Structure formats: structure tokens, C-alpha cells
Amino acid sequence: MVCAGAAAWLMGGQGPGARRGQLLCPGGGAVGVGPPTWERVTRAGDRLRWLHRTRGEWWSLVAGLVVALLGTSVVPLVVGALGVALVRRARRGGAARRARDGRGDAVIALCGALAGEVRAGRQPGEALLGAARESGGLGDAQAVVLAAARFGGDVPGALTDAARRPGAEGLLGLAACWKVAVDRGAGLAAGLDRLEGALRAERDQRADLRAQLAGARSTAVLLAGLPVLGLLLGTALGADPLHVVLHTGAGLGCLLVGGVLEGVGLWWALRIVRGAEAG
């Protein structure tokens, strides 16, 4: 099943040879009624890619089903079903982290665009309108902030409320710069330049820290996969480890204890990495 999915994935994009064949044979080489064979393979590849993007956690259940069929036991199927929730949580965490990083980049772009608009001679409210439309750094709160800027409302308060979203904390600095500039007549462009530099330096530092911790995270995941490699090697040597692990009392006990220790060790190692990132 894995090889079939990989073949459909690789054949999803039509190369120059396929396009040349379609030009020479308008019917696509098919005989009779129905879509050409190449189109069917392409559609299958598109469906697999869509499944991987939207419901990738269900591959855990598929893997459990395959191992259950090979080992003639229902235990791998149950483990695969439990793994669906774990994989889904990991995918959602990754999506939330990417969304947070995207909001941070948008806030940095907003500060730079707003500083440029102010230097061009526009008033702060008008400059905020143009910069927000250009960068999209306000996200879902853009309508509220722009309404406050257009009709003379509480722009710092609206920016403070928008900064409550994960990744948009830089809007607190923008609100402070706006308040100081309006109340005391300070230069807004200079404050925005310093704020943009600080946010950019913080983002680069965070990216560098993640790059340094990537090795530790990869090592933890690699060590977690070594038991699976041991089972594969045992199967290749003819020892039939699946029968021992899934159909004997000692094997089931080892599987239970090893699974618990494996999960706790992986959770602890990733917790250390996340703690270092948060620090």
C-alpha cells in the first residue's frame, strides 16, 4: 500500500513525455468510454495528496491495520486507532505554531509599512489604513482597528485587544508607540523603526534557537523509532518477532512496558526541547 501510494504520488505531475503523448494521441491512448488511464492515475494521486493534507492522522490507523493483518492480531489496530488522536494533536500543534509565526511576520511587515507611510507625509490614521491593507498584520481584528483609526476611536486599545492572539504580541509595542506619538508628539516613524528592529531580532533569535534544537528533537524521534527497526531486523532474520510480541504473555508484557517507557521517554525529551524554546 505504501509503494502504491508513493507511485501515485510521483505520477501525479505530468512530465514533458506525458504531454507529448497527449498531443500525439488526443484520446489519451484510451480505448472505449471513460477517462484515460493516465487521468485516473492523476486523480488517484490528487486524492492521496488531499487525504494526506486534510486527514493525515488516519495513516496511523492504516499502518495499524497492515501490522494487524501481518501479525494476525487486533492489538496493532487498537494502537493505531489510539495513535490517530496523538498524530492529530501533533498536526494541530504544528499548524498553530505556523499560524503564530505568520502573525509575527505580518506584524513586523506592518511596522515597516507604517513607518514608510508616515515618512511619506501621511497622517497616522491614514498611514495605518494603507499599511494594514498592504501587510495584513492585523488579521481578524483589522476591521476594528481600522474603524478606530478612521473615526478617531481608541486605536491603542484596539491594538492591545488584537495583540492577545498568539504571535501578535508585537502589536503591544505598536500601541505604545502610537500612544506616545499622539499624546506627546514624539516621532512615530523613529519608534516604529526601533520596534521593527527589536521584533525582527527576536524572530531571528527564535529561529536560530529552533535550528540549534532541531538536532536534539531529531535524535529523540530517531531513538524512538529504533524498536520498530529491531522488529524489522528480527523479521528479516526469520525470528518472527511479531508472533512473540503479539501472541505470547511475555511478549505482550514487554510490549506494554516498552510502549509505556517509549511514550514517557519521548514525551520527556520533547518537553525538554519545548522548555528550551520557551526560555
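This passage describes selected features of a predicted model, from its nonpolar core to its surface and loops.

The largest nonpolar core was considered first. This core contains 36 residues, and the members that touch the most other members are Leu-114, Leu-128, Leu-138, Leu-159, Leu-171 and Leu-174. At least two residues of the core are supplied by each of helix 5, helix 6 (124-135), helix 7 (142-150), helix 8 (155-162), helix 9 (170-184) and helix 10 (188-224). The greatest contribution is that of helix 5, which gives eight residues. The surroundings of one core member, Leu-128, were examined in detail. When residues up to four places away in sequence are not counted, Leu-128 touches Leu-114, Val-145, Leu-146, Ala-149, Val-155 and Trp-178. Among these partners, Leu-114 is itself listed with the core residues that touch the most other members.

Helix 4 and helix 5 were examined next. Helix 4 comprises residues 58-71 and includes Ser-60. The relative accessible area of Ser-60 is 19%, and this residue is therefore classed as buried, the limit for that class being under 20%. Apart from its neighbours within four places in sequence, Ser-60 is in contact with Gly-80, Gly-83, Val-84 and Val-87. Helix 5 spans residues 75-119, and Arg-88 has its place in this helix. With a relative accessible area of 29%, Arg-88 is partly exposed. Residues up to four places away in sequence being left out, Arg-88 touches Glu-57 and Trp-58. Although Arg-88 and Glu-57 are 31 residues apart along the chain, their C-alpha atoms are separated by 5.4 Å.

Two loop residues were notable for their backbone angles. In general, most residues other than glycine have a negative phi. Thr-72, which is not a glycine, nevertheless has a positive phi of about 50°. This residue lies in the loop between helix 4 and helix 5. Thr-72 has a relative accessible area of 60% and is therefore exposed, since exposed residues are those over 50%. A positive phi, of about 55°, is also found at Asp-240, again not a glycine. Asp-240 is located in the loop that lies between helix 11 (226-236) and helix 12 (241-247). At 43% relative accessibility, Asp-240 is counted as partly exposed.

The surface analysis identified a nonpolar patch of about 860 Å². Leu-256, Val-257, Val-260, Leu-261, Val-264, Trp-267, Trp-268 and Ile-272 make up this patch. One of these residues, Val-264, is placed in helix 13, which covers residues 249-278. Val-264 counts as partly exposed, at 47% relative accessibility. Two further members of the patch, Trp-267 and Trp-268, were examined individually. Trp-267 has a relative accessibility of 47% and counts as partly exposed. Trp-268, with a relative accessible area of 46%, is likewise partly exposed.

Aromatic pairing was also assessed. A pair of aromatic rings is described by the distance of the centres and the angle of the planes. The count came to one aromatic pair. The rings of Trp-267 and Trp-268 have centres 5.9 Å apart and planes at 50°, so this pair is tilted. The distance fulfils the requirement that ring centres lie within 6.5 Å, and the angle is neither under 30 degrees, as for stacked rings, nor over 60, as for edge-to-face rings. Both tryptophans of the pair thus also belong to the nonpolar surface patch described above.

Conventions: Residues are numbered from 1 along each chain as its sequence is written. This is a predicted model: local features need pLDDT of at least 70, side-chain atom pairs count only at pLDDT 80 or more; totals for chains, interfaces and linings use all residues. Side-chain values use heavy atoms; hydrogens and water are left out. Rings of Phe, Tyr and Trp (its six-membered ring) pair if their centres lie within 6.5 Å; planes under 30 degrees apart count as stacked, over 60 as edge-to-face and the rest as tilted. Buried means under 20% relative accessible area, exposed over 50%, partly exposed in between (1.4 Å probe, protein chains only). Helices (H or I, at least four residues) and strands (E, at least two) are DSSP runs, numbered from the N terminus. Contact means heavy atoms within 4.5 Å. Patches are made of residues with over 30% relative accessible area and no salt bridge: like charges are joined within 9 Å, nonpolar side chains (Val, Leu, Ile, Met, Phe, Trp, Tyr) within 5 Å. Accessible areas come from the Shrake-Rupley method with a 1.4 Å probe; for residues, only the protein chains shown count as cover. A salt bridge is a side-chain nitrogen of Lys or Arg within 4 Å of a carboxyl oxygen of Asp or Glu. A nonpolar core is a set of buried Ala, Val, Leu, Ile, Met, Phe, Trp, Tyr and Cys residues joined through side-chain atoms within 4.5 Å.
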